[in-house]
Amino acid sequence: MRKRINGAISLLLAFTACFSFTGSFAAYKKPETRTATVSVVGDVMALNTQLNAADRGKSGYDFDDWFKFIAPTIKRADISIANLETPITKGRKEIKGLGYPNFNAPASLIGGLKNAGFDVLCTANNHCLDRGKKGAIDTIKNIKKYKLKYVGTNLTPTARSKPLIMEANGIKFGILAYTTITNQQDRKLSSAERNYVVNMLKMDKIQQDVKAAKKAGADIIIALTHWGVENTTKTTSQVRSYAKDMIKCGVDVIFGSHPHVPQPIEVIKTGGADGKARKGFVIYSLGNFVSNMARYENNIALVLQLRFQKKAGNTKLLRAHYVPTYTYRGKNARGTRAFWVMPVGKTINNEAMLYKIKGQGKKELKAAWGRLTRIVGKKYAVPIGGY
């Protein structure tokens, strides 16, 4: 009897082993879920007053001070992007005396942005050619020296045809950038140079770039767009049309800049080129991340953070929120001029941080959350007291 039992057990084990090797009874493996966060801010301006405040004489320029309060927010993301709205060329002589409408800044501004947590700088904007083609080339070379990525301008036609792909936690992002204007500086380029030096916003080019990014494995297509009308919180019909057409082309997320003030967030639903329904997330203008422009709305902005999820080969926008910011333009503890990008909600509830803000700046900062949410919308705003 025992032999028969042992024989039966042996037969069962052999039967089980057979199926174990073939995988017919292999345990079900749950699809892995991955998430990644992308953070973006608007225009990084470098006006003369700002540069003078950062000037430390023989020791050069110090831009870390601008971003010391907002850096922890930037560093929370896996990929952080800013619009660099100035050429970066050589030496103090080239910088001194420059300003609107032809900008320039020292390379240490890139260092300050890197130290704040930024990974990618957008260079497609109306000031990218302020110092001509040489200035655009110098800017790219300086960004490379600091080991950051750039998008929007190019050294060669070959570089123009290759989309920027950034990967975070197994999710690949195709990052594109375009501008509608160069302050007519592109007229100084040859016809051949106009085809590659600056990425102009043209739908046929966008279609090609989206196709190339997807071929390179992009799960999500992000486009940074320099468009619209300055100093208005209202979005134009032309810009809305651009956004809809870009989403039809396959763009998933659009980050707008150029108006120098914030504008609304919108989720656009439309049909894609393949006839299938598509949905895209758009912020029409992020506003000025840091500047010395005069209007109140020029100095309130946001850090927009989007969290994406990839599961079973499908990637989607999981969550979106923004941190309201305010650029304080006052005096620091040394009594000299300061430019600080402040996270509004956190500063209001932090007496030590709030104490640093003097005079009119304190009143403006306290009003910033309300003003910004009225422009952009409350739905995605981080509450007062949040980071």
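This is a tour of selected sites in a predicted model, with a selection to make at each stop.

**Stop 1: helix α6**

Select residues 108–116, which form helix α6. The buried residues here are Leu 109, Ile 110, Gly 111, Gly 112, Leu 113 and Ala 116. To see what covers them, add the surrounding elements, including β1 (33–44), α3 (64–67) and α4 (71–74). Strands β2 (79–84) and β3 (120–122) also belong to this cover, as does α7 (132–145). Then move just past the end of α6 to Gly 117, where phi is positive, at about 115°.

**Stop 2: two cysteines**

Select Cys 122 and Cys 128. How many disulfides are there? The count is 0. Cys 122 is in no disulfide, and its nearest cysteine sulfur, on Cys 128, lies 8.9 Å away. Cys 128 is likewise in no disulfide, with the sulfur of Cys 122 as its nearest, at 8.9 Å. A pair would have to come within 2.5 Å to be counted, so these two cysteines are left unpaired. Are they buried or exposed? Cys 122 is buried, at 2% relative accessible area, and Cys 128 is buried too, at 6%.

**Stop 3: helices α9 and α10**

Show residues 203–215 as α9 and residues 237–249 as α10. Two packed helices are described by the angle between their axes and the distance between the axes. For α9 and α10 the angle is about 35° and the axes are 9 Å apart. The crossing is right-handed.

Now turn on the side chains where the helices meet. From α9, display Met 203, Ile 206, Gln 207 and Val 210. Opposite them in α10 are Tyr 242, Asp 245, Met 246 and Cys 249. By type, the residues of this contact are 6 nonpolar, 1 polar and 1 charged. An α-helix has 3.6 residues a turn, so residues three or four places apart point the same way. That spacing can be followed in the viewer along the residues just selected.

**Stop 4: Asn 231 and Asn 298**

Select Asn 231 in the loop between β7 (220–226) and α10. Asn 231 is not a glycine, yet its phi is positive, at about 60°. With 26% relative accessibility, Asn 231 is partly exposed.

Next select Asn 298, which is in contact with Asn 231. Asn 298 sits in the loop between β11 (288–290) and β12 (300–311). Why does Asn 298 count as buried? Its relative accessibility is 2%, and buried means under 20%. Look for the side chain of Asn 298 reaching the backbone oxygen of His 260, at 3.1 Å. Beyond four places in sequence, the other contacts of Asn 298 include Val 261, Asn 288, Ser 291 and Met 293.

**Stop 5: Ala 312**

Move to Ala 312, in the loop between β12 and β13 (314–331). Ala 312 has a positive phi near 55°, although this residue is not a glycine. Ala 312 is exposed, with a relative accessible area of 57%.

**Stop 6: Lys 362**

Finish at Lys 362 in helix α13, residues 360–376. Lys 362 is partly exposed, at 28% relative accessible area. Residues up to four places away in sequence aside, Lys 362 touches Leu 354 and Ile 357. Add Tyr 328, which is 34 residues from Lys 362 along the chain; the C-alpha atoms of the two are separated by 8.5 Å.

Notes: Residues are numbered from 1 along each chain as its sequence is written. This is a predicted model: local features need pLDDT of at least 70, side-chain atom pairs count only at pLDDT 80 or more; totals for chains, interfaces and linings use all residues. Side-chain values use heavy atoms; hydrogens and water are left out. Helices (H or I, at least four residues) and strands (E, at least two) are DSSP runs, numbered from the N terminus. Buried means under 20% relative accessible area, exposed over 50%, partly exposed in between (1.4 Å probe, protein chains only). A polar contact is a pair of N or O atoms within 3.5 Å; within protein, one must be able to donate a hydrogen and the other to accept it, and residues adjacent in sequence count only if both atoms are side-chain atoms. Contact means heavy atoms within 4.5 Å. Axes are lines fitted to C-alpha atoms, for helices over the stretch in contact, and angles run from 0 to 180 degrees between N-to-C directions. A crossing is left-handed if the near helix is turned anticlockwise from the far one by less than a right angle, and right-handed if clockwise. Ala, Val, Leu, Ile, Met, Phe, Trp, Tyr, Cys and Pro count as nonpolar, Asp, Glu, Lys and Arg as charged, and the others, Gly among them, as polar.
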